Amino acid sequence: MTGAVNSDAMVALVPATGQFVTIRIPYPMGLLHTIDAGAD
Amino acid sequence: MWCSGIGLKENTLVRLDRGPNPPETSKAEVYEPPKKDPPLFSAGGVSVDSNGVAWQNWRATDYITSFDRRKCKVLNGPTATGQHCPEGWTIYHKPGPTFQGGMAVNSDLNYLIFVDRNGVFGFRERCSDDRCR
């Protein structure tokens with residue numbers, strides 16, 4: 001997973017399929033431009 | 001231990017084996033991704049999954065790569081010059097909108113990368129059915 005700067009979203013790559021999944025934050029455009037995260 | 005530099009001119013992935021008495025016993029292996037057009041550069045970091053596969057994001061060129069050292073025919077020696085394990089790399093190109101004006105790069109940027117080792121986001125389950133095999 002990677003935080004996609006300038007997109008209000010995180011992007012996940014599913015290795016089994018090579019598919020990219022966009023996880024977009026439901027906020028007004030422009031409020032969130034840099035996202036990073038981790039999973040414990 | 002895996003490490004990756006961050007920077008515009010950086011494209012090396014380093015595996016460091018500390019050995020029993022570091023630093024005297026430490027060994028480093030340096031790997032570079034296969035040459036492509038556009039080239040892979042400006043790594044954003046590295047994250048390792050539970051199989052020991054190293055994942056990297058590439059900020060400037062929208063790639064995500066995996067490197068599986070178990071696939072390498074050569075790990076060290078005189079021919080281990082960086083480009084010696086193309087078979088270990090898998091390269092994924094992230095689709096998305098590009099800048100207006102024809103620049104061939106996405107308008108977003110893969111900042112850092114992390115592996116969801118515990119399946120928190122549910123993508124492991126997502127691919128357990130027939131559609132993903």
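Hi everyone, this is a short walk through how chains A and B touch, and then through a small sheet in chain B.

A quick word on the model: it is predicted, so local features need pLDDT of at least 70 and side-chain atom pairs count only at pLDDT 80 or more, while totals for chains, interfaces and linings use all residues. Residues are numbered from 1 along each chain as its sequence is written, and chains are lettered from A and ligands numbered from 1 in the order in which they are written.

Let's start with the contact. Chain B brings 22 residues and chain A brings 21, where contact means C-beta atoms, placed from the backbone, within 7 Å. On chain B's side, β6 (63–67), β8 (109–113) and α1 (123–126) each supply at least two residues; helices here are DSSP runs of H or I with at least four residues, and strands are runs of E with at least two, numbered from the N terminus. The most comes from β8(B), with five residues.

That same β8(B) also pairs across the chains. Strand β1 of chain A, residues 2–5, runs antiparallel to β8(B) and is joined to it by three bridges; strands pair if DSSP finds at least two bridges between them. For T2(A), the bridge partner in β8(B) is I113(B).

Now for the sheet in chain B. Three strands make an open, antiparallel sheet, in the order β1-β2-β3. Its edge strands, β1 (2–4) and β3 (27–31), each pair on one side only. Between β1(B) and β2(B), residues 13–17, there are three bridges, and S4(B) has L13(B) as its bridge partner in β2(B).

Technical notes. Two residues are in contact if their C-beta atoms, placed from the backbone, lie within 7 Å.
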